[in-house]
Amino acid sequence: MIKKLQIKKGIASLSLATILCSTTLSGCVKKIDCDKQGEHAHLYTTEDEKFKTYRSGEFSQLPTSHNENTINIYWKEEAIPLTEEIENMEKFCLFKISDNVETLKRREKKDKKKGYQEYQYLSTKYRPKYRYGSYVPTIKYTTDKNHKELTGMVRDVYYQYQGYKIEYVNGKLNLISSGLVDSLEEIKEEYPYFNLKDYHQKSYSEPYANDKENIRNKQKQKGKK
């Protein structure tokens, strides 16, 4: 049974300058010939066509972030009128939750099957200080249930999700993150967007007693008497 951490929903304001999408395109990216009139945005999808969003660019592919783990999205002919919301989503590399509900549900369902346990153990290291040193035990975790120095405590590892909203704060456009939640659909009214780079993250429960390990330890202690 998963014993989850009590995570409060909070907000974190991110600097516009640090998270803007990259507009630098590689030489192999082709400009698309489009005969549509007026300002409009085209549908772009990930390579597997599971996630979708709208962007104003007319390129065969666009990057969704500026770092080394860039995910490319690909141009589709479908287009809608360009809006301020789409422009802001483009600035922050965002996708709209309501446009991707079914895909997100499938991802969340798969993530639930990926949950696992980690076993707590003590790692003792020598830490020198001036003339005298000491051996300091440090709590660590492993997936090896037969690891040495197990404490008899475990924690659950599972996935939670993060959404975003865009707001003007002191006249400046800011990206505000939600706390981690069990499903993005639960928060889509208040936090309607997500970023492919960080929308799902590992979470950890509070450590709790591993009954099987504790029973085994008691049996070992009885055998020594």
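Here, a residue counts as buried when its relative accessible area is under 20%. With that in hand, colour the chain by accessibility: of its 225 residues, 36% are buried. Keep in mind throughout that this is a predicted model.

**The whole chain**

Start with the cartoon view. You should find four helices and 14 strands. Switch to the surface, and you are looking at about 14,900 Å² of accessible area, with 48% of that belonging to carbon and sulfur atoms. If you draw the contacts between residues at least 6 apart in sequence, 70% of them join residues at least 24 apart.

**Stop one: a four-stranded sheet**

Select strands S2, S3, S4 and S5. They form an open sheet in the order S3-S2-S5-S4, and the pairing is antiparallel. Strand S3 (52-55) and strand S4 (61-63) sit at the edges, where each pairs on one side only. Look along the sheet to see the twist, which averages 45° from one strand to the next.

Now zoom in on the S4 side. S4 and strand S5 (residues 72-81) run antiparallel and are joined by three bridges. To find one of the partners, pick Gln61 and look across to Tyr74 in S5.

**Stop two: the helix across the sheet**

Next, add helix H2 (residues 84-91) to the selection. H2 lies across strand S2 (40-46), S3 and S5, and runs at about 105° to S3. Show side chains for Ile86, Asn88 and Met89, which are buried residues of H2. Turn the view until you look down the axis of H2: the buried residues fall within an arc of 165°, so they line one face of the helix.

Step just past the end of H2 to Cys93, in the loop between H2 and strand S6 (95-96). Is Cys93 buried or exposed? Its relative accessibility is 2%, so Cys93 counts as buried. Check its backbone too: phi is near 60°, a positive value in a residue other than glycine. That is worth a pause, because most residues other than glycine have a negative phi.

**Stop three: a loop residue on the outside**

For a companion to Cys93, select Glu149, in the loop between strand S8 (132-142) and strand S9 (150-161). Glu149 also has a positive phi, near 65°. Turn on the surface here: at 57% relative accessibility, Glu149 counts as exposed, whereas Cys93 is buried.

**Stop four: strand S9 and its partners**

From Glu149, move on into S9. Nine of its 12 residues are buried, so S9 is largely enclosed by the rest of the structure.

Which strands should you display with it? One is strand S13 (residues 200-204), which pairs with S9 in the antiparallel sense over five bridges. Pick Tyr158 and you will find its bridge partner, Ser203, in S13. Another is strand S14 (residues 208-209), which runs antiparallel to S9 and is joined to it by two bridges. Here, the pair to select is Val154 and Tyr208, which stand opposite each other.

**Stop five: the S10-S11 hairpin**

Continue to strand S10 (residues 164-169), which pairs with S11 in the antiparallel sense over six bridges. Glu167 stands opposite Asn174 in S11, a handy pair to label. Two residues lie between the strands of this hairpin, and Asn170 takes a positive phi near 55°. How many of the six residues of strand S11 (residues 172-177) are buried? Five are, so S11 is largely enclosed by the rest of the structure.

**Last stop: Leu184 and the cores**

Follow the chain beyond S11 into the loop that leads to strand S12 (193-194), and select Leu184 there. Leu184 is buried, with a relative accessible area of 0%. Expand the selection to its contacts: leaving aside neighbours within four places in sequence, they are Ile97, Leu104, Glu108, Tyr161, Gln162, Gly163, Phe194 and Tyr199. You can also draw a distance to Val101, 83 residues away in sequence, and read 8.4 Å from C-alpha to C-alpha.

Now bring up the largest nonpolar core, which has 18 residues; those touching the most other members are Phe51, Phe95, Leu104, Leu184, Phe194, Leu196 and Tyr199. To finish, find the second, separate core of eight residues, including Met89, Leu94, Ile166 and Leu173. Met89 takes you back to H2, where it is one of the buried residues.

Key. Residues numbered from 1 in each chain as written. Predicted model: local features only at pLDDT ≥ 70, side-chain atom pairs only at ≥ 80, totals over all residues. Heavy atoms only, no water. Core = buried A, V, L, I, M, F, W, Y, C linked by side-chain atoms within 4.5 Å. Buried < 20%, exposed > 50% of the residue type's maximum accessible area, 1.4 Å probe, protein only. Pairing = 2+ DSSP bridges. Axes fitted to C-alpha atoms, helices over the stretch in contact; angles between N-to-C directions. Contact = heavy atoms within 4.5 Å. Areas by Shrake-Rupley, 256 points an atom, 1.4 Å probe, with all protein chains shown as cover. Arc of directions from axis to C-beta.
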